[in-house]
Amino acid sequence: MKALLSIVIPVYNRASLVCRCLESVHAQSLRPLHLIVVDNNSSDATPQVISEWSATHADPSLKVTLLNQPMPGASAARALGLEAVDTPYVYFFDSDDAMRPDAARAFADSFAKNPEAQIVAGKVQHHALDGSMRCHGRRGRNTLINHFHHSVLSTQAYAVSTTFLREAGGWNPSLRIWDDWELGIRLLLRSPHVVWMNKVVADMYRQPDSVTGDLYSQRARHYPDVIRAVRKVLQECDHPDRVRLLRLLHGREMMLAALYALEERMDLALPLRAKVLEETAADPYLQLILRGAYAWRRKGLRGCDTWVTALL
């Protein structure tokens, strides 16, 4: 029987962690499966660990493909992994995390029951460094707006039709941050049929040396690239919410400026705030909302995206 689902896992310098992730794939109740592991040019023993694991775990029901992507960034590794996918559906995963044993089967069963679906999404259990947990999943009925604010289509949360993903352009290998947010926007702008499962499919574990860091200012150099990419997609699309989303994108930039200010990085906050206000000078109502959003978030208050969305 031919596999229905491929699982693509990018990995970088995770020699001590990657086996937990790989074991969670091996424990999947669905067979056959195609596992594609893309080493992102690790400088530790990760490639050796993966090779040794593959040698002892691959079998006729679990095809394992090992690739190397020297171009830095998980998105570049995912893009290479997508090229190797030979199944109707694909699930991208992260090497720090673990799949629930019936995750792959739940995705496959949902696609079988909903053949018109391009995306099947579940919930993700987040485990913080302090031991606290929260469940991340669907919020509200407008998936595009909710993903715009809350990244409900985070990498570990959904499986997708391979054809649909490729038609949407796949992963943008030039992005180093928020690549799943950008991809989710492109997918949802195509108005796909999305099936939501009330089920936790993965456990996401925060790591002290996470590539994204703990502060927004630590990755400030990467945000302009993803904002430009999303703005270009929105400007070129014909989605009925196009104008609203472009305004909300200004709101996201303004809240990012406020987060820089919260981190006492006014050298980052003030130029970004000024840029957004200059770009929206012709829209006094939008500027009023953006100024309010900055002041609100600057005080450390939450819920800003809720009232900004309502007003726009």
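Let me start with helix α5, residues 143–150: eight of its eight residues are buried, so the helix is largely enclosed by the rest of the structure. Buried here means under 20% relative accessible area, exposed means over 50%, and partly exposed is in between, with a 1.4 Å probe and protein chains only. Helices are DSSP runs of H or I with at least four residues, strands are runs of E with at least two, and both are numbered from the N terminus.

A word on the model before going on. This is a predicted model, in which local features need pLDDT of at least 70 and side-chain atom pairs count only at pLDDT 80 or more, while totals for chains, interfaces and linings use all residues. Residues are numbered from 1 along each chain as its sequence is written, and side-chain values use heavy atoms, with hydrogens and water left out.

Back to α5. The buried residues include three histidines, His147, His149 and His150, along with Thr143, Leu144, Ile145, Asn146 and Phe148. What do they pack against? The partners are β7, α7 (179–189), β9 (194–205), α8 (223–236), α9 (242–262) and α12 (304–311).

One of those partners, β7, spans residues 133–136 and holds Cys135. Cys135 is partly exposed, at 42% relative accessible area. Leaving aside neighbours within four places in sequence, Cys135 is in contact (heavy atoms within 4.5 Å) with Lys123, Val124, Gln125 and Val200. Val124 is 11 residues away along the chain, and its C-alpha atom is 5.7 Å from that of Cys135.

On cysteines in general, the whole structure has zero disulfides, a disulfide being a pair of cysteine sulfur atoms within 2.5 Å. For Cys19, the nearest cysteine sulfur belongs to Cys21 and is 9.7 Å away. Cys19 is partly exposed at 29% relative accessibility, whereas Cys304 is buried at 2%.

Now the strands. β4 and β8 run antiparallel and are joined by three bridges; two strands pair if DSSP finds at least two bridges between them. In that pairing, Tyr89 stands opposite Ser161. β8 also pairs with β6, residues 119–127, again antiparallel and over three bridges. There, Ala121 stands opposite Tyr158.

Tyr158 brings us to the cavity. On a 1 Å grid over the protein atoms alone, a cavity is a set of points where a 1.4 Å probe fits but cannot get out; a pocket is an open set with protein on both sides within 12 Å along at least five of seven lines; lining residues have an atom within 4 Å of a point. Grid points are joined across faces, edges and corners, and a volume is the space filled by probe spheres set on the points.

How many cavities of 30 Å³ or more does the search find? One, with about 30 Å³ of space. Its lining is Val90, Tyr91, Phe92, Thr155, Tyr158, Val160 and Trp171. β4 (89–92) and β8 (158–161) are the elements that give two or more residues, and β4 has the largest share, with three.

Last, the second largest pocket, at about 220 Å³. Its lining draws at least two residues from each of α8, α9 and α10 (266–279), and α8 gives the most, five. The lining divides into eight nonpolar, no polar and four charged residues. Nonpolar covers Ala, Val, Leu, Ile, Met, Phe, Trp, Tyr, Cys and Pro; charged covers Asp, Glu, Lys and Arg; the others, Gly among them, are polar. Among the lining residues are Arg228, Arg231, Glu253 and Lys275.
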